[in-house]
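I opened a fresh page for this one and kept my notes short. Come along as I look things up, one topic at a time.

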Amino acid sequence: MEMYRSHVLVCAGAGCISSACKSVQSALLEHIEENGLTGEVKVVETGCMGPCDLGPVVMVFPDGVFYRRLKPEDAAEIVSEHLLKGKVVTRLLHRPAGNDKQVAGFDQLDFFKKQTRIALRNTGVINPESVEEYIARDGYRALGKALSQMTPAEVVEAIKESGLRGRGGAGFPTGLKWEFTARAPGHPKYVVCNADEGDPGAFMDRSILEGDPHSVLEAMAICGYAIGANRGYIYVRAEYPLAVDRLEIAIGKAREYGLLGDNIFGTDFGFDIEIRVGAGAFVCGEETALLASIEGKRGEPRPKPPFPAQAGLWGKPTVINNVETLANIPPVILNGPRWFAGIGTEKSKGTKVFALAGKVNNTGLVEVPMGTTLREIIFDIGGGIPAGKKFKAVQTGGPSGGCIPEDYLDTPVDYESLTKLGTIMGSGGMIIVDEETCMVDLAKFFLEFVQEESCGKCAPCRIGTKRMLEILERITAGNGRNGDIELLEELSAGIKNSALCGLGQTAPNPVLSTLRYFRDEYEAHIRDKKCPAGACQALLTYYINAKSCQGCGLCSKVCPAEAIIGEKKKPHVIDTDKCIKCGTCKQKCKFDAIITV
Amino acid sequence: MKSLAELDKLREKLRQEMNVREKDHDVTVTVSMGTCGIAAGAREIVKALLEEMKEQGLSRVALTQTSCAGLCQHEPLVEVNRGNEKITYINVDRDKAREIVKKHLVAGQVIKEWTTPERS
């Protein structure tokens, strides 16, 4: 490594890559060379910095200036003004919603300022393909400390004392899992990393794998030492090609440095890791299905017990931890369990990474201490709802979770408080919906997802979710019947009690939680054949407001059903029998004269 | 990797480069890069400072630039900030730049005769 006076960090998370950060990067390099700055300024590709909707994003150090939505054309000015003369290019800075001024320093932006980054400590800060940068930021010191200064039992004890709980969704204490596996008879033992992140809208684990792969490798080796395993597997989805690439590079580099392999840190402990690429079945995120898939069998769950701690991979004791859980391990070992336990709430320690998606200004990746309120996450960090719309609900926990309405925005987020509200922490997907989202439609979306992903092994999930989906489909199509709500509730209870795995048991949650908080919307669909949010097309009627209509005739020209008639310069009318409710007229009308009821 | 000590040695070396990305620099060295500064050769000063900092193995020092400081006749200007202490060197050339790194940044001695003339 060489010393440079300035580092230009270019976010190369999958989000920024899709907004063409690579062409910005090459433009920067080109201008840096042109200005003779090659030996002074280094351009570094990092993992996801978090503010995905602002991509491509770039940070310039040592000043810490944050530029957003860059185009290749902007590179010349950044180089000639900022990098050469030290003058910040104001027009490329971010102006947060509600601010009247642009903000230069990334640490001055609420989005970054209000976060506490433990799992994401290196993501967006280091080059994920450089083990040297990881080492420079204390990488592999935790492994070194564990191997040379702690017994395996002390490592387990430290994780237990830290209070760390599984970040994959269920929140099982990680230290206990390790202890059960360490004590279980049987040899060899295995460490498995569950990187089969499948919830719609969730991308926490992908970002960690893409941005800081070594933190996961180091944690797996620590776990191996603690439980007496010498081999680990990372089960990662094929839909994450960049994560797979960077993991492969990381494993190669770690082996080169002797941080994986035999006799790590001069001890007789050896550990190595293999990647297993999943074929994209949601159910393979369920641990028993995941293990079956690694073994080369069909990815189907099996009943528990026995738990993987007793009989996991190839029937041997196995720890399965989620990516984010693992990313927390090295800091716990380095800074001590008490430091970690000092963050968060009484029963939920540390931080949680959330992927903000949907109707929120700052979509992206954020990490906050447990106990942060939903309002802080959505409004302070997330910047609130775009286009002046009203917040309606936040969906957490993906297809296994539920919705939280506005009344509960001040709830401190932890495992228990979310369960109490009828949802779950889940892996950290947070989908924000505004007043224009129909809650029945939202529940239908998640059920469609589960239905499609149901592996089919058990009847409650295979058939039960299908029947539920059919009911939701007819409700949103305006054919809901009296008693449908009760039928949904009855089916939900049956599926929850009898499905084989977590996927099926939690599948009714989106329906149950929307019924709990938005029952009136279901009733309006069934009884009045109306969609209060105006989202279900089948339940809308299109009218022309005669007062606003100028009689320009544009709507009648674009109507594919020839349902709009009227004389020129006089108000037009829609023949509701002919109208197919496509919405084209509403989109095209320049006078907002077309209304839906 | 044979021991934790070996890792720590490597880490110390790698830190020197990575410190640019930390916000807790002990010292900030700022070179004025207005039109006046550039005309007076400030680019060369930046290069000389960086070269010497590399040679001395300095970390926790941020090397930045700023625009015209209003002392155009004294350009190139180099400002060294450590805590509340602010020292401005004037009419800096390549050799002076290297001396500033060696004496001021490494040894902590301000080179008085090159600093801003006392206002009377």
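**Entry 1: domains of chain A**

I began with how chain A is divided, and I found domain 1 (6–113), domain 2 (131–341), domain 3 (351–434), domain 4 (439–528) and domain 5 (541–596). I kept in mind that this is a predicted model. Next I picked domain 1 and domain 3 of chain A, whose centres, taken over C-alpha atoms, are separated by 28 Å. Where these two touch, domain 1 of chain A supplies 9 residues and domain 3 of chain A supplies 10 residues. I sorted the domain 1 side of that contact by class and noted 6 nonpolar, 1 polar and 2 charged residues.

**Entry 2: chain B by itself**

I turned to chain B, which has 4 helices and 4 strands. Reading from the N terminus, I wrote down the order of its elements as α-β-α-α-β-β-β-α. Along the principal axes, the C-alpha atoms of chain B fill a box of roughly 60 × 25 × 25 Å. Of the 120 residues in chain B, 33% are buried. I also looked at contacts in chain B between residues at least 6 apart in sequence, and 68% of these join residues at least 24 apart.

**Entry 3: strands of chain B**

Which strand pairs with strand E1 (residues 27–32) of chain B? I found strand E3 (residues 78–82) of chain B there, antiparallel, with 5 bridges. One bridge I can point to sets Val31(B) against Val78(B) in E3(B).

E3(B) also pairs with strand E4 (residues 85–89) of chain B, again antiparallel and over 5 bridges. Here I noted Asn81(B) with its bridge partner Lys86(B) in E4(B). E3(B) and E4(B) form a hairpin with 2 residues between the strands, and Gly83(B) in this hairpin has a positive phi near 60°.

**Entry 4: where the chains meet**

How many residues of chain B are in contact with chain A? I read off 28 residues of chain B, in contact with 34 residues of chain A. On the chain B side, the elements giving two or more residues are helix H1 (4–18), helix H3 (42–56) and strand E2 (61–66). H1(B) gives the most to this side, with 9 residues. By class, I noted 13 nonpolar, 7 polar and 8 charged residues on the side of chain B that touches chain A.

**Entry 5: nonpolar cores**

I looked up the largest nonpolar core next and found 209 residues in it. Those with the most contacts inside this core are Val216(A), Met220(A), Ile222(A), Leu49(B) and Val78(B); I had already met Val78(B) as the bridge partner of Val31(B). Helix H10 (residues 213–227) of chain A contributes the largest share of this core, 10 residues.

I followed Met220(A) outward: not counting residues up to four places away in sequence, Met220(A) touches Val191(A), Cys193(A), Gly232(A), Ile273(A) and Leu326(A). Apart from the largest core lies another, of 11 residues, including Tyr542(A), Ile544(A), Cys585(A) and Ala593(A). As background, I jotted down that nonpolar side chains tend to be buried together in soluble globular proteins.

**Entry 6: a glycine in a helix**

I stopped at Gly502(A), which lies in helix H20 (residues 502–506) of chain A. Is Gly502(A) buried or partly exposed? I count 19 other C-beta atoms within 10 Å, and being buried takes 20 or more, so Gly502(A) is partly exposed. Beyond its neighbours within four places in sequence, Gly502(A) is in contact with Glu286(A) and Ser400(A). I also checked Glu248(A), 254 residues apart from Gly502(A) along the chain, and their C-alpha atoms are separated by 30 Å.

**Entry 7: backbone details in chain A**

I noted a cis peptide bond between Gly55(A) and Pro56(A), with omega about -10°. Pro56(A) sits in the loop between strand E2 (41–46) and strand E3 (58–61) of chain A. The bond from Lys304(A) to Pro305(A) is cis as well, with omega near -5°. I placed Pro305(A) in the loop between helix H12 (287–294) and strand E8 (318–322) of chain A.

Then I looked at positive phi values outside glycine. Ala387(A) has one near 60°, in the loop between helix H15 (374–381) and strand E11 (391–396) of chain A. With 8 other C-beta atoms within 10 Å, Ala387(A) is exposed. Lys569(A) is not a glycine, yet its phi is positive at about 65°. I found Lys569(A) in the loop between strand E15 (564–565) and strand E16 (573–574) of chain A, and it is exposed, with 10 other C-beta atoms within 10 Å.

Notes
Residues numbered from 1 in each chain as written. Chains lettered and ligands numbered in written order. Predicted model: local features only at pLDDT ≥ 70, side-chain atom pairs only at ≥ 80, totals over all residues. Buried ≥ 20, exposed ≤ 12 C-beta atoms within 10 Å, placed from the backbone. Contact = placed C-beta atoms within 7 Å. Core = buried A, V, L, I, M, F, W, Y, C linked by C-beta atoms within 7 Å. Domains from an automatic or database assignment. Nonpolar A, V, L, I, M, F, W, Y, C, P; charged D, E, K, R; others polar. Pairing = 2+ DSSP bridges.
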